[in-house]
Amino acid sequence: MGQDQTKQQIEKGLQLYQSNQTEKALQMWLKVLEKSSDLMGRFRVLGCLVTAHSEMGRYKEMLKFAVVQIDTARELEDADFLLESYLNLARSNEKLCEFHKTISYCKTCLGLPGTRAGAQLGGQVSLSMGNAFLGLSLFQKALESFEKALRYAHNNDDTMLECRVCCSLGNFYAQVKDYEKALFFPCKAAELVSDYGKGWSLKYRAMSQYHMAVAYRLLGHLGSAMECCEESMKIALQHGDRPLQALCLLCFADIHRSRGDLETAFPRYDSAMSIMTEIGNRLGQVHVLLGMAKCWMARKMLDKALNAIEKAQDLAEEVGNKLSQLKLHCLSEGICRSKGLQHELRSHVVRFHECVEETELYCGLCGESIGEKNSRLQALPCSHIFHLRCLQNNGTRSCPNCRRSSMKPGFV
Ligand SMILES: [Zn+2]
């Protein structure tokens, strides 16, 4: 298969893919990969295969194609292609919750010689790196990366990237519990979709709606949460987007749990769990188990709760997510207290405090915790976060955590 035919076949595959004939598109692309001797074409088709498998949640295949793509980029001896394939490798690892590997491959990307693509893809590298830091609950580093990605987006008028960063920032603020910002950023993303997104894939709309649903749920606006989540799920089902379906099911379950309707919550947690397991989203599984544990606790079935917590704790340790570990120790503490298990109780308290130290989830001004209850937060340019009220009361000019001067307030 020569250059022209390769190009045609890739194009045909793209058309099939865009009209939701995913399996046919995949077959076409795999044939190109098998038959074509055109290196450039092979590189492109591997990119298509990586994206398609990512969207379907087949992350192990995604990773496999990304690795082959790197070899092809090396054969092409082109720095732009090498960067693109390393970014794909980083993203595959991010999806598989291999956060340390993600960060390391992102650093490889940033260390490659400056190229034209470097200016374009740099923002995406920073975004992936931020997501990985967030996965490890390294909040300051995550915020730093997201801000970098946002600067890239603004400098290059890349509204699609801006939209994705806004969704990640929504996720960030939902975790550190500034619910106002957790809603603000996905709303901003949704605005970008309606202003600029006519030619974009619907997944951007679905993504922003999902993050809005999460924030509305946390704010207690359960009706709005339900509406956004239904909209997101509708698109995820149309597009065979398994990863988003799983997240929506988890969100539905959480909404029902917030309403006190555990009967309806449980089967949704189960469905979310089975998709998360199928696609290999281990952090997602932790979140499902956390929700289930809270349901069991509400029903006073402490042994079942402990069982879910133990499973979640193993997974959270595996992927290195400190915030989930912290929450799980906190739940265990409560259960041990009511069961009178003094020895276990003490060990959970100790490990809880270790997690607080590691995540630095306390305000450097008042010393109180961040992320325990909803409060307005503000980041300084160094990306350390504080209670907004503490910054206002202290009128501080340099960061008390790192002493870096902060003459201008951070934009988040
Ligand atoms: Zn404070």
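The buried residues of helix α16 pack against three other helices: α6 (99–111), α15 (282–298) and α17 (322–339). In this predicted model, the buried positions of α16 are A305, L306, A308, I309, A312, Q313, L315, A316 and V319. An α-helix has 3.6 residues a turn, so residues three or four places apart point the same way. Among the buried positions, A305, A308, A312, L315 and V319 follow such a spacing along α16.

The length of α16 can be checked with simple arithmetic. The helix covers residues 302–319, which is 18 residues, and at 1.5 Å a residue the expected span is 26 Å. The end C-alpha atoms are 26 Å apart, so the expected span and the model agree. Just after α16 comes G320, which has a positive phi of about 80°.

A second helical part has an annotation. An unreviewed UniProt entry lists residues 123–156 as "repeat: TPR". In the model, this stretch is 88% helix and 0% strand. The C-alpha atoms at the two ends of residues 123–156 are 9 Å apart.

**The zinc site**

Which residues hold the zinc ion as protein donors? They are C363, C366 and C390, each through SG, and H387 through ND1, at 2.1 to 2.5 Å from the ion. The angles among the four donor atoms are 94 to 123°, and the site is tetrahedral. Along the sequence, the donor residues follow the spacing C-x2-C-x20-H-x2-C. C363 is in the loop between α18 (342–359) and β1 (377–379), while H387 is in strand β2 (residues 385–387), so this pair ties together parts that are 24 residues apart in sequence. C363 and H387 are both buried.

**Cysteines without disulfides**

How many disulfides does the structure hold? The number is zero. The table gives two cysteines that are in no disulfide, each with its nearest cysteine sulfur.

| Cysteine | Nearest cysteine sulfur | Distance |
|---|---|---|
| C163 | C167 | 5.0 Å |
| C229 | C251 | 3.8 Å |

A disulfide requires two cysteine sulfur atoms within 2.5 Å. The sulfur of C167 is 5.0 Å from that of C163, and the sulfur of C251 is 3.8 Å from that of C229.

Are these two cysteines buried or exposed? C163 has 0% relative accessibility and therefore counts as buried. C229 is also buried, with a relative accessible area of 0%.

Notes:
Residues numbered from 1 in each chain as written. Predicted model: local features only at pLDDT ≥ 70, side-chain atom pairs only at ≥ 80, totals over all residues. Heavy atoms only, no water. UniProt positions renumbered as here; feature names shortened; annotations may be inferred. Helix = DSSP H or I, 4+ residues; strand = E, 2+ residues; numbered from the N terminus. Donors = N, O, S within 2.8 Å, 3.2 Å for Na, K, Ca; no water. Tetrahedral: all angles 85-135°; square planar, octahedral: opposite > 155°, others 65-115°. Buried < 20%, exposed > 50% of the residue type's maximum accessible area, 1.4 Å probe, protein only. Expected span 1.5 Å × (residues − 1). Contact = heavy atoms within 4.5 Å.
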